[in-house]
Amino acid sequence: MTAEESVHCKYLTYWVPVKISWSLFVDQAEIQALHSLADGCPDTDITYTPVP
């Protein structure tokens with residue numbers, strides 16, 4: 001994995017849970033961009049744990 005890919009993967013692990021936890025809107029273009037970035041992160045898990 002290149003440094004650029006690593007940065008993108010780290011971004012995804014932070015950004016996706018933030019969007020979920022704050023119920024932020026995601027349009028189709030952003031969904032496609034996130035999926036495209038995630039394709040380069042096969043060993044990255046994105047998890048979300050709701051705060052009680």
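# A first look at this two-helix chain

Leu-34 is in touch with Tyr-11, Leu-12, Trp-15 and Val-16, leaving aside residues up to four places away in sequence. That cluster is a good way into this predicted model, whose protein chain has two helices and zero strands. From there, we can visit a disulfide, an aromatic pair and the loop between the helices.

**The chain as a whole**

- Taken along the principal axes, the C-alpha atoms of the protein chain fill a box of roughly 35 × 25 × 15 Å.
- The protein chain has 52 residues, and 13% of them count as buried.
- About 4200 Å² of the protein chain is exposed, with carbon and sulfur atoms supplying 60% of that area.
- Among contacts in the protein chain with a separation of 6 or more, 67% are between residues 24 or more positions apart.

**Leu-34 and its neighbours**

- You will find Leu-34 in helix 2, which covers residues 28–39.
- Is Leu-34 buried or exposed? Leu-34 has a relative accessible area of 16%, so it falls under the 20% limit and is buried.
- One of the residues that Leu-34 touches is Tyr-11. The two are 23 residues apart in sequence, while their C-alpha atoms are 9.9 Å apart in space.

**The aromatic pair**

- Two of the residues touched by Leu-34, Tyr-11 and Trp-15, also deserve a look together. Searching the whole structure turns up one aromatic pair, and the rings of Tyr-11 and Trp-15 have their centres 6.2 Å apart.
- The ring planes of Tyr-11 and Trp-15 meet at 15 degrees; planes under 30 degrees apart count as stacked, so this pair is stacked.
- Tyr-11 and Trp-15 are about one helical turn from each other, because they sit four residues apart in helix 1.
- Tyr-11 is partly exposed, because its relative accessibility is 40%, a value between the 20% and 50% limits. Trp-15, with a relative accessible area of 27%, is partly exposed as well.

**The disulfide**

- How many disulfides does a search of the whole structure find? The search finds one, formed by Cys-9 and Cys-41 with their sulfur atoms 1.9 Å apart.
- This pair links distant parts of the chain: Cys-9 belongs to helix 1 (residues 3–21), Cys-41 to the segment after helix 2, and 32 residues separate them.
- The link of Cys-9 and Cys-41 is left-handed, with -100 degrees about the S-S bond.
- Cys-9 and Cys-41 are both buried.

**The loop and the surface patch**

- Trp-22 has its place in the loop between helix 1 and helix 2. Trp-22 counts as exposed because its relative accessibility is 66%, over the 50% limit.
- Together with Val-18 and Leu-24, Trp-22 forms a nonpolar patch on the surface, and the three have about 320 Å² of accessible area together.
- Ser-23 also lies in the loop between helix 1 and helix 2, and its relative accessible area of 66% makes Ser-23 exposed.
- What is the phi of Ser-23 near? Phi of Ser-23 is near 50 degrees, which is a positive value in a residue other than glycine. For background, most residues other than glycine have a negative phi.

**To take away**

- Leu-34 of helix 2 is buried and touches the stacked pair's residues, Tyr-11 and Trp-15, among others.
- The disulfide of Cys-9 and Cys-41 links helix 1 to the segment after helix 2.
- The loop between helix 1 and helix 2 holds Trp-22, one of the residues of the nonpolar surface patch, and Ser-23, with its positive phi.

Conventions:
Residues are numbered from 1 along each chain as its sequence is written. This is a predicted model: local features need pLDDT of at least 70, side-chain atom pairs count only at pLDDT 80 or more; totals for chains, interfaces and linings use all residues. Side-chain values use heavy atoms; hydrogens and water are left out. Buried means under 20% relative accessible area, exposed over 50%, partly exposed in between (1.4 Å probe, protein chains only). Contact means heavy atoms within 4.5 Å. A disulfide is a pair of cysteine sulfur atoms within 2.5 Å. Rings of Phe, Tyr and Trp (its six-membered ring) pair if their centres lie within 6.5 Å; planes under 30 degrees apart count as stacked, over 60 as edge-to-face and the rest as tilted. Patches are made of residues with over 30% relative accessible area and no salt bridge: like charges are joined within 9 Å, nonpolar side chains (Val, Leu, Ile, Met, Phe, Trp, Tyr) within 5 Å. Accessible areas come from the Shrake-Rupley method with a 1.4 Å probe; for residues, only the protein chains shown count as cover. A salt bridge is a side-chain nitrogen of Lys or Arg within 4 Å of a carboxyl oxygen of Asp or Glu.
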